[in-house]
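This briefing goes through one protein chain by topic. Please have the sequence and the model at hand while reading.

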Amino acid sequence: MSKPIAKLNINVSKINKDFLFEGTKGKYMDVALWDNKDGRDQYENDGMVTQDVPYKMKQEQPDLRGPIIGNFKYPDGPVTAMKDPAADVDDTDIPF
């Protein structure tokens, strides 16, 4: 069994129910993960979780932002979790 990429901690009391939407198999909520600018914080969190604003609402109110609903951690730390596989490619002999 593989490891999770990140673990989320969500405060469900902060979820804006107006931002939930019906899907074919139930109610859904879109979220976004934002890395901390300065790396891990004092609680070992790597970033925050916000609730996304539905597209239609964002069109009507461009400045509307979703609430911060929690935090997340990369189990193996942000460097290994976010490593770019292309960074290991040696491109010094590419002729263009």
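E44 lies in the loop between strand 4 and strand 5. The model is a predicted one, and E44 has a positive phi of about 70° there, although it is not a glycine. Most residues other than glycine have a negative phi. The points below start with this loop and then move to the sheet, the surface and the long-range pairs.

**The loop between strand 4 and strand 5**

- E44 has a relative accessible area of 46%, so it counts as partly exposed, a class that runs between the cut-offs of 20% and 50%.
- D46 lies in the loop between strand 4 and strand 5 as well.
- D46 is buried, because its relative accessibility is 3% and the cut-off for buried is under 20%.
- R40 has a relative accessible area of 36% and is therefore partly exposed.

**The salt-bridge network**

- Side chains of opposite charge can pair when their charged atoms come close.
- Which residues are linked in a network of salt bridges? They are R40, E44 and D46.
- In the pair of R40 and E44, the closest N and O atoms are 3.6 Å apart.
- In the pair of R40 and D46, the N to O distance is 2.8 Å.
- The side chains of D46 and R40 also count as a polar contact, at 2.8 Å.
- The side chain of D46 has a further partner in the backbone of Y74: a polar atom of this side chain lies 2.6 Å from the backbone nitrogen of Y74.
- The network thus joins a buried residue, D46 at 3% relative accessibility, to two partly exposed ones, R40 at 36% and E44 at 46%.

**Chain and sheet**

- The chain holds 2 helices and 6 strands.
- Read from the N terminus, the order of elements is β-β-β-β-β-α-β-α.
- Of the 96 residues in the chain, 15% are buried.
- An open sheet is formed by 4 strands in the order 1-6-5-4, with antiparallel pairing.
- Strand 1 and strand 4 (31-35) are the edge strands, and each pairs on one side only.
- On average, neighbouring strands of this sheet are turned by 30° against each other, direction ignored.
- Strands of a sheet pair through backbone hydrogen bonds, either parallel or antiparallel.

**Strand 5 and its two neighbours**

- Strand 5 (residues 47-51) runs antiparallel to strand 4 and is joined to it by 5 bridges.
- On the other pairing, strand 5 runs antiparallel to strand 6 (residues 68-73), with 4 bridges between them.
- Which residue in strand 5 stands opposite D35? It is G47.
- G47 also stands opposite F72 in strand 6.
- Is strand 5 largely enclosed or open? It is largely enclosed by the rest of the structure, because 4 of its 5 residues are buried.

**Nonpolar surface patch**

- L8, I10, V12 and L33 make a nonpolar surface patch of about 350 Å².
- L8 is found in strand 1 (residues 7-10), which is one of the edge strands.
- L8 is partly exposed, because its relative accessible area is 45%. This value is above the cut-off of 30% that a patch residue has to pass.

**Pairs that are distant in sequence**

- The chain has 3 salt bridges in total.
- One of them is between the side chains of K3 and D76, at 3.1 Å from N to O.
- This pair links distant parts of the chain: K3 is in the segment before strand 1, D76 is in the loop between strand 6 and helix 2 (78-81), and they are 73 residues apart.
- K3 is exposed, because its relative accessible area is 59% and the cut-off for exposed is over 50%.
- D76, at 46% relative accessibility, is partly exposed.
- K14 is found in the loop between strand 1 and strand 2 (21-23).
- K14 has a relative accessible area of 46% and is therefore partly exposed.
- How far apart are K14 and G70 in space, C-alpha to C-alpha? The distance is 8.7 Å, while the two residues are 56 apart in sequence.

Methods. Residues are numbered from 1 along each chain as its sequence is written. This is a predicted model: local features need pLDDT of at least 70, side-chain atom pairs count only at pLDDT 80 or more; totals for chains, interfaces and linings use all residues. Side-chain values use heavy atoms; hydrogens and water are left out. Patches are made of residues with over 30% relative accessible area and no salt bridge: like charges are joined within 9 Å, nonpolar side chains (Val, Leu, Ile, Met, Phe, Trp, Tyr) within 5 Å. Accessible areas come from the Shrake-Rupley method with a 1.4 Å probe; for residues, only the protein chains shown count as cover. A salt bridge is a side-chain nitrogen of Lys or Arg within 4 Å of a carboxyl oxygen of Asp or Glu. Buried means under 20% relative accessible area, exposed over 50%, partly exposed in between (1.4 Å probe, protein chains only). Two strands pair if DSSP finds at least two bridges between them. Axes are lines fitted to C-alpha atoms, for helices over the stretch in contact, and angles run from 0 to 180 degrees between N-to-C directions. A polar contact is a pair of N or O atoms within 3.5 Å; within protein, one must be able to donate a hydrogen and the other to accept it, and residues adjacent in sequence count only if both atoms are side-chain atoms.
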